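User: Please take a close look at one part of this structure, the nonpolar core, and set it in the context of the rest of the chain.

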Amino acid sequence: MTTPFRLGIAGLGTVGRGVVRIVAEHGAEIATRVGRPVEIVAVSARDRRRDRGVDLTAFAWEDDPVALARRADVDCVIEVMGGANGPAKALVDAALAAGKHVVTANKALLARHGQELAETAEGAGVALAGEAAVAGGIPALKGLGEGLAANRITRVFGVLNGTCNYILNEMEARKAPYEAVLADAQRLGYAEADPSFDVGGIDAAHKLAILAALAFGTRVDFEGVVTEGIERITLADIETARDMGFSIRLLGLARMHEAGLEQRVRPCMVDERSLIGALPGVTNAVVVEGDFVGQCAFSGPGAGEGPTASAIMADVLDIARGAVRPLFGRAATALASAPRLSHGDEHSPYYLRFTLADRPGALAQIASALGRQGVSIHRMRQYGKGDPVPVVIVTHDARRDAIDAALAEIGALPVSAEPPVAIRIEEV
Ligand SMILES: NC(=O)C1=CN([C@@H]2O[C@H](COP(=O)(O)OP(=O)(O)OC[C@H]3O[C@@H](n4cnc5c(N)ncnc54)[C@H](O)[C@@H]3O)[C@@H](O)[C@H]2O)C=CC1
Ligand SMILES: N[C@@H](CC=O)C(=O)O
Ligand code: NA
């Protein structure tokens, strides 16, 4: 009789439920692939009485997730509670200390504590795996860490937050305001418990920090990700972008320069016909450039019950087969510190939106502030005749620090009715 591989699941929300379903529906095939049964033995969540639409009667219940982590009959703990600190961190610490493998979907935890946790797991000879944490169902970590492992990576970028992609697409399709579409993303189980992590770019920054460590062999540096969300993007920006042949995407990008590691998450305008520009709904994409392979793109569902549970179980199957791989593709203690590229050194063409009082000379003040910072104008357009009136300017290639300085100056002018918005135009 083969020994089963026994799972304990902490968290029974969107993702935890999906894991229960996938084991129930595909248990027999999974056992054939792995060569032994994979079974859930215990679960933990906040409310034992709640009906979650899945049968939990065969599993032991633990009110305390840390107790679940310490159970002698659990080989692998699946952490799908969320949160960088608090119970999720306590659970993972306890599981690793007890010599259990850990599979987690928690990018906040890995971005903040992944370095230390990976060192602990590797020291204990157990797995710490997080495929579900980056780009949901897409095998991004596997693709980068295994499939492309022989390459020197030059750049990694992509759309890493499903909620934002969904919001940007739906705002345009339904001509709906941002708030209504965000409520749908929450109802569909895409958004984080605190959705400001999605729309503020923090969730994508968590994922980018993990990807960058894997890509460049550098220590996880979440604090070094320059982060800007989509909160100030309007339907008018989306429609203007479309008019110019662009889609607006929340793009995460990491690249190693001689001067340091560039890590940024920002709304960007990209060619609407590109892979990134055409991503529908909640779809994510991760594009990796390697020196020998060239460019490889992975795309697929980045959030939701099924895709995330699929990624969790991919890690579980690996571990059940005996494959215990380092989370960052090499020993965590071998990851190097990299200097951060100064954010002002970024450069590209920019789309700038100003909301100006309709007064003689208003445009001249904008143009001269841009000129003083050495920002050259490529196109300019005034929309409508209201007061205040939106004015859009597309620049030639410009340094980010010059754009920021010009915008600070313009935002303080009496003719500025709202703070200006800058969206980078990116080649993808
Ligand atoms: N929903 C999605 O599409 C994706 C989610 N993730 C990550 O997966 C994790 C879980 O996400 P969801 O399932 O969407 O969250 P959720 O909010 O639907 O479920 C969280 C579960 O954890 C339990 N929980 C939370 N705090 C607890 C505590 N202190 N003690 C005991 N139980 C506690 C809750 O009772 C609930 O059952 C998060 O780290 C999230 O970032 C990752 C990829 C995609
Ligand atoms: N909230 C996240 C969930 C997956 O990581 C997203 O929208 O991408
Ligand atoms: Na993934």
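Analyst: Start with Leu211 in this predicted model. Leaving aside residues up to four places away in sequence, Leu211 touches Val134, Ala140, Leu144, Val156 and Ala254. Leu211 belongs to the largest nonpolar core, a set of 138 residues, and together with Ile312 it has the most contacts inside that core. Helix 9, residues 202-216, supplies the largest share of the core, with 12 residues. In soluble globular proteins, nonpolar side chains tend to be buried together.

The wider protein gives the setting. Its secondary structure consists of 13 helices and 18 strands, and 50% of its 428 residues count as buried. Taking contacts between residues at least 6 apart in sequence, 75% join residues at least 24 apart. As for overall dimensions, the C-alpha trace spans about 85 × 45 × 35 Å along its principal axes. The radius of gyration is 23 Å, which agrees with the value near 22 Å that a compact globule of 428 residues would have.

Ligand 2 can be described alongside the core. The residues that surround ligand 2 are Gly136, Asn161, Gly162, Thr163, Tyr190, Ala191, Glu192, Asp198, Asp203, Gly302 and Ala303. By class, this shell divides into 3 nonpolar, 5 polar and 3 charged residues. One point of connection with the core is helix 9: the helix covers residues 202-216, and Asp203 is among the residues around ligand 2.

Key:
Residues are numbered from 1 along each chain as its sequence is written. Chains are lettered from A and ligands numbered from 1 in the order in which they are written. This is a predicted model: local features need pLDDT of at least 70, side-chain atom pairs count only at pLDDT 80 or more; totals for chains, interfaces and linings use all residues. A residue is near a molecule or strand if its C-beta atom, placed from the backbone, lies within 6 Å of it. Ala, Val, Leu, Ile, Met, Phe, Trp, Tyr, Cys and Pro count as nonpolar, Asp, Glu, Lys and Arg as charged, and the others, Gly among them, as polar. Helices (H or I, at least four residues) and strands (E, at least two) are DSSP runs, numbered from the N terminus. The radius of gyration is taken over C-alpha atoms; the globule rule is 2.2 Å times the number of residues to the power 0.38. A residue is buried if 20 or more other C-beta atoms lie within 10 Å of its own, exposed if 12 or fewer, and partly exposed in between; C-beta atoms are placed from the backbone. Two residues are in contact if their C-beta atoms, placed from the backbone, lie within 7 Å. A nonpolar core is a set of buried Ala, Val, Leu, Ile, Met, Phe, Trp, Tyr and Cys residues joined through C-beta atoms within 7 Å.
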